[in-house]
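Biologist: Please take a close look at one part of this model, the empty space in it and the helix that does most to line the enclosed portion. Please keep every cut-off explicit, and follow the neighbouring features as far as they help.

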Amino acid sequence: MKKELNILAISGSLRNQSSNTLLMHAIIKLAPPNLKFDVYNGLNDLPHFNPDLDVQEGPESVQNLRAQLKHSDGVLICTPEYGNGVPGALKNALDWIVSSGEWLNKPTVAIAASPSPMGGDKAHASLLLTLNMINARVLHEASLTIPHITLKMNKQGVIIDSETQHALQNSLISLGDACN
């Protein structure tokens, strides 16, 4: 039996019914039984990053994010693309981690999905730059951009495209292997 691994799942969108939040939950349902997910729901609670506030332990919402990261074996991020980049709320969360180190060498899968034919490629590229800056161990072979997400997942959040489902299952296997 494989070791149980704790994975922190983060959606880069604040919308409850966003494609990326639905996708994150769909991915969790595809996971092997040894991957246990903790969904981060505090993105909207984080103050704007300000180094003057990042003293001692920082604000309570930041402490919560850092604690969840610290206790996770790996991270899954699903993000939309806003204005050719990472949504501001997700970038803000990442900025709070730059100096604290909880993400250091943590296996991370980054997925960008979009209804556009580009699949959120600019947000994905921007996200990878920031993750590399904070020394996350990005699993490039498992990280994906998913174009036309609205054709590959229904409104109930069920992945209806077998190729996408297979790619996501392989990403989860890679994440689990990297966390062991």
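Modeller: What follows goes from the open space to the enclosed one, and then to the helix and its surroundings.

This is a predicted model, in which local features need pLDDT of at least 70 and side-chain atom pairs count only at pLDDT 80 or more, while totals for chains, interfaces and linings use all residues. Residues are numbered from 1 along each chain as its sequence is written, and side-chain values use heavy atoms, with hydrogens and water left out.

Both kinds of space come from a 1 Å grid over the protein atoms alone: a cavity is a set of points where a 1.4 Å probe fits but cannot get out, a pocket is an open set with protein on both sides within 12 Å along at least five of seven lines, and lining residues have an atom within 4 Å of a point. Points are joined across faces, edges and corners, and a volume is the space filled by probe spheres set on them.

The largest pocket holds about 200 Å³ of space, and of the 13 residues that line it, S13, L14, N16, Y40 and N41 lie nearest its centre. Two elements, α1 (19–30) and β2 (35–40), give two or more residues to this lining, helices being DSSP runs of H or I with at least four residues and strands runs of E with at least two, numbered from the N terminus. The most comes from α1, with three residues. By class the pocket lining has five nonpolar, seven polar and one charged residues, where Ala, Val, Leu, Ile, Met, Phe, Trp, Tyr, Cys and Pro count as nonpolar, Asp, Glu, Lys and Arg as charged, and the others, Gly among them, as polar.

Turning to the enclosed space, the structure holds one cavity of 30 Å³ or more, and the largest cavity has a volume of about 40 Å³. Its lining consists of I10, Y40, L43, L65, L90, A93, L94, I97 and W103, so that Y40 appears in the linings of both the largest pocket and the largest cavity. In the cavity lining nine residues are nonpolar, with no polar and no charged ones. Helix α3 (residues 88–95) supplies the largest share, three residues.

That same helix carries a salt bridge, meaning a side-chain nitrogen of Lys or Arg within 4 Å of a carboxyl oxygen of Asp or Glu. D95 pairs with K91, the closest N and O atoms being 2.5 Å apart, and the two residues lie in α3 four residues apart, about one turn of the helix. K91 counts as partly exposed because its relative accessibility is 31%, the classes being buried under 20%, exposed over 50% and partly exposed in between, with a 1.4 Å probe and protein chains only.

For context, the count comes to three salt bridges. One of them joins the side chains of D54 and R66 (3.0 Å, N to O), linking D54 in the loop between β2 and α2 (60–70) to R66 in helix α2, twelve residues apart. Both D54 and R66 are buried.

Finally, the loop between β3 (74–79) and α3 contains N84, which has a positive phi of about 65° although it is not a glycine. Most residues other than glycine have a negative phi. N84 counts as exposed because its relative accessibility is 53%.
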